Amino acid sequence: MIVLGLTGSIGMGKSTVARMFADEGVPVFDADKTVRALQGPGGALVAPIEAAFPGSTGPEGVRRAVLADMVLHDRAVLRRLEEIVHPAVGEAREAFLAEHRDRPLVVLDVPLLFETGGEKNVDKVAVVSADPDVQRARTLSRPDMTPEKFVRIMMHQLPDAEKRKRADYVIPTDCAIDETRFAVRRIVACLSGGGDS
Ligand SMILES: CC(C)(COP(=O)(O)OP(=O)(O)OC[C@H]1O[C@@H](n2cnc3c(N)ncnc32)[C@H](O)[C@@H]1O)[C@@H](O)C(=O)NCCC(=O)NCCS
Ligand SMILES: Nc1ncnc2c1ncn2[C@@H]1O[C@H](COP(=O)(O)OP(=O)(O)OP(=O)(O)O)[C@@H](O)[C@H]1O
């Protein structure tokens with residue numbers, strides 16, 4: 001089995017690209033979705049997050065906008081949240097890999113792959129990348145985003161140029177969507193043929 005790590009900075013089009021891999025029939029593990037489920041109503045992370053960040057949860061689970069305000073201004077505080085969240089994501093990832101171990105290719109969609117040392121859990125890395133102006137425009141068009149929050153999040157992420165340097169594949173998204181799909185198909189064809197399982 002070949003494990004492909006899919007990563008990219010905020011607003012680069014990673015979710016769209018992850019869907020393209022799924023469209024090709026490749027199982028995709030979605031780290032963000034896992035976090036949202038564990039932080040949602042009845043989720044296993046709600047109580048520990050409330051204990052560490054009082055007032056950050058409610059009947060709807062974690063209030064992400066409130067929690068974001070509490071953690072994004074300070075790396076040490078964000079680290080405390082990550083220490084609660086990342087082990088649970090790791091467990092879910094291992095369960096996903098076990099479930100799909102007979103497949104020639106799987107994708108781990110992990111926004112913080114490089115930042116969390118996740119490179120060592122994958123065979124190849126694909127980075128989703130776009131021009132900074134495209135990235136900014138896409139991000140700021142989201143309903144709950146502000147220029148300040150965008151800058152704060154970027155501060156916690158490895159710069160795109162660095163990610164591209166460390167990637168095996170770069171998938172462009174500042175182009176026609178068909179071109180992006182073509183890049184995804186080429187990677188799938190290249191990796192699903194040659195697995196040593
Ligand atoms: C900080 C939180 C509350 C913000 O929630 P919110 O809904 O406002 O934003 P969202 O989750 O959509 O994230 C927006 C962008 O920030 C990035 N981001 C999220 N957490 C982090 C982090 N710890 N470091 C750097 N970037 C991050 C995301 O990848 C995305 O690009 C939330 O992201 C969270 O609980 N993060 C901690 C868990 C984590 O590290 N998740 C990343 C993938 S495992
Ligand atoms: N060539 C392209 N490839 C991918 N997305 C594109 C392309 N052209 C336009 N888009 C649009 O750009 C947006 C990308 O948003 P998406 O949610 O995929 O970003 P994201 O990188 O997952 O964000 P985040 O990592 O912050 O969650 C979508 O609305 C998508 O339709």
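**Exercise 1.** How many residues surround ligand 2, and which are the closest?

*Solution.* The model under study is predicted.
Step 1. The shell around ligand 2 holds 14 residues.
Step 2. The closest are Gly-13, Lys-14, Ser-15, Thr-16 and Thr-173.
Step 3. Two or more residues of this shell are given by each of the helices α1 (14-23) and α9. Of these, α1 supplies the largest share, namely three residues.
Step 4. By residue class, the shell divides into seven polar, five nonpolar and two charged residues.

**Exercise 2.** Determine the strand order of the open sheet, and explain why one side of β2 and of β7 lacks a neighbour.

*Solution.*
Step 1. Strands of a sheet pair through backbone hydrogen bonds, in either a parallel or an antiparallel manner.
Step 2. Here the sheet has five strands, ordered β2-β5-β1-β6-β7, and the pairing is parallel.
Step 3. Because β2 (28-30) and β7 (169-172) stand at the edges with a single partner strand each, one side of each is left without a neighbour in the sheet.
Step 4. From one strand to the next, the twist averages 25 degrees.

**Exercise 3.** Describe how β2 is joined to β5, and identify the helices that lie on the sheet.

*Solution.*
Step 1. The strands β2 and β5 (residues 105-109) run parallel and are joined by three bridges. In one pair of bridge partners, Asp-30 is matched with Asp-109 of β5.
Step 2. Helix α2 (residues 31-39) packs on the sheet and touches β2 and β5. The direction of α2 makes about 45 degrees with that of β2.
Step 3. Helix α9 (residues 177-193) lies across β1 (2-7), β5, β6 (124-129) and β7. Relative to β7, α9 runs at about 155 degrees.

Conventions. Residues are numbered from 1 along each chain as its sequence is written. Chains are lettered from A and ligands numbered from 1 in the order in which they are written. This is a predicted model: local features need pLDDT of at least 70, side-chain atom pairs count only at pLDDT 80 or more; totals for chains, interfaces and linings use all residues. Two strands pair if DSSP finds at least two bridges between them. Helices (H or I, at least four residues) and strands (E, at least two) are DSSP runs, numbered from the N terminus. Axes are lines fitted to C-alpha atoms, for helices over the stretch in contact, and angles run from 0 to 180 degrees between N-to-C directions. Two residues are in contact if their C-beta atoms, placed from the backbone, lie within 7 Å. A residue is near a molecule or strand if its C-beta atom, placed from the backbone, lies within 6 Å of it. Ala, Val, Leu, Ile, Met, Phe, Trp, Tyr, Cys and Pro count as nonpolar, Asp, Glu, Lys and Arg as charged, and the others, Gly among them, as polar.
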